[in-house]
Amino acid sequence: MAEEKKACVSPVTSFLQNIDLVRRQLRDDSTHRKDNENFDAEKLWSEMEKIFKVISHEATKISLAFCGSPAPSDKECSSLFSQAEKAILALVSLFYTLPASQGLRLIKSTKDTVLSLLDSMRELISNIQEGCAGNQQQLQSTGTVWQDANLFASMPKNDKDAVVRELKTCSQLIKDALEEIEEAIEGDGIQDDLCDLDEEGGGEGGAQWTESDKALTKPCVGLIKTTKSLIKKATDCVQSNGLTQRPMEIQELDKLAELSERLSPSVDDLIMDLYPPVDLCKVQEKGKTLFEIHQTVLGFLRSSHMTGEDDQKWLEFLLKANQHNYDNIQKVT
């Protein structure tokens, strides 16, 4: 009975089941990575680039096969999907040869790019299964596979580039958050969504900052501006001085990324508690958390290979700015 049921599974369904299994394994990624003293990075990226192109090509073949009428037979489907599966398995196997010694952030970045390609490939086949063959939705999902395959060209190929990309993403998030709170200050603390609710419900208007609230926002915004400056300087240091020749250098790059990824969520937490009605205790708590992360990142940078004598002035400046803003938050709260 089990064999009969297995035989009834269509090639499309079988492909989706297999690609789902691979995607789950990649997301869990608990596989132990063996170190390889003879690791050849150039060879890895060259082979991976070829496989990205093969998967893109196989997606095109599958898409074209399902554009016309009649649809491919099960035998033809099996042949089409077999080639795509081989390419996908080859890509994943190659990914697992990237040793941890090359950098955890590089592994994460590579995994995200591989998963993105597999996700778009799955979407294409899923659309075909759902009867979208030949329509605009199938063409769009085919285009998404091409786009994700082309991501290989801009994908970081070393840990330094992977960390720089993460820091730049973090920098943009912090910039957006700072602009949000500055706009709120200009609007006297009134939140548009609250105002909309009040208009619909006949309320008396959105909550506004009191004078003491306004006094509190200044050092908090100052603390967030310190975050913005810190992440920019950290990015500059990695770009200018970051190295990946020795294990210690790669470990320090990974550590900086690990510490820095706490900055944006902490900024968001602080901003959320700045909106009226303001809870002074919560603001003090969130401000302290952000202050301590700043101290940790600055201390780490100072002792890392990414900073030297020329960086001591701005490190000292940001340490003082961090302390100054936090002291003012404590005074107000």
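A salt bridge is here a side-chain nitrogen of Lys or Arg within 4 Å of a carboxyl oxygen of Asp or Glu. Asp20 forms one with Arg122, and the closest N and O atoms of the two are 2.5 Å apart. This pair links distant parts of the chain, with Asp20 in helix α2 and Arg122 in helix α5 (residues 104-129), 102 residues apart. The model is a predicted one, in which local features need pLDDT of at least 70 and side-chain atom pairs count only at pLDDT 80 or more, while totals for chains, interfaces and linings use all residues. Residues are numbered from 1 along each chain as its sequence is written, and side-chain values use heavy atoms, with hydrogens and water left out.

The overall fold comes next. The chain has 13 helices and zero strands, where helices (H or I, at least four residues) and strands (E, at least two) are DSSP runs numbered from the N terminus. Along the sequence the pattern is therefore α-α-α-α-α-α-α-α-α-α-α-α-α. Of the 333 residues in the chain, 43% are buried. Buried stands for under 20% relative accessible area, exposed for over 50%, and partly exposed for what lies in between (1.4 Å probe, protein chains only).

Two buried residues show how parts of the chain separated in sequence sit in space. Phe81 is found in helix α4 (residues 74-95). It counts as buried because its relative accessibility is 2%. Its C-alpha atom is separated by 9.1 Å from that of Ser14, and the two residues are 67 residues apart along the chain. Ala59 lies in helix α3 (residues 41-65). With a relative accessible area of 0%, Ala59 is buried as well. Ala59 and Ser141 are 82 residues apart in sequence, and their C-alpha atoms are 9.7 Å apart in space.

The charged pairs can now be taken up again. Under the rule given at the start, the count comes to 17 salt bridges. Asp20 takes part in another of them, with Arg23, at 2.6 Å from N to O. Both of these residues lie in helix α2 (residues 11-28), three residues apart, which is about one turn of the helix. Asp20 and Arg23 are both buried. For Asp20 the label follows because its relative accessible area is 17%. Arg122, by contrast, is partly exposed, because its relative accessible area is 22%. What do Asp20, Arg23, Arg27, Asp119 and Arg122 have in common? These five residues are linked in a network of salt bridges.

A further salt bridge joins Glu316 and Arg302, with the closest N and O atoms 3.1 Å apart. It too links distant parts of the chain: Glu316 is in helix α13 (residues 312-332) and Arg302 in helix α12, 14 residues apart. Glu316 counts as partly exposed because its relative accessibility is 33%. Arg302 is also partly exposed, with a relative accessible area of 34%.

Charges outside salt bridges are treated as patches. A patch is made of residues with over 30% relative accessible area and no salt bridge, with like charges joined within 9 Å and nonpolar side chains (Val, Leu, Ile, Met, Phe, Trp, Tyr) within 5 Å. Accessible areas come from the Shrake-Rupley method with a 1.4 Å probe. Lys and Arg count as positive and Asp and Glu as negative, while His and the chain ends are not counted. The place of a charge is NZ of Lys, CZ of Arg, CG of Asp or CD of Glu. A negative surface patch is formed by Glu180, Glu183, Glu186, Asp268 and Asp269. Helices α7 (159-186) and α11 (263-274) each supply at least two of its residues. The most come from α7, which gives three. One residue of α7 is Glu186. Glu186 counts as exposed because its relative accessibility is 71%.

Two local points remain. The peptide bond from Pro276 to Pro277 is cis, with omega near -5 degrees. Pro277 has its place in the loop between α11 and α12 (280-303). How many disulfides does the structure hold? It holds zero, a disulfide being a pair of cysteine sulfur atoms within 2.5 Å. Among the cysteines, Cys170 counts as buried because its relative accessibility is 8%. Cys281 counts as exposed, at 60% relative accessibility.
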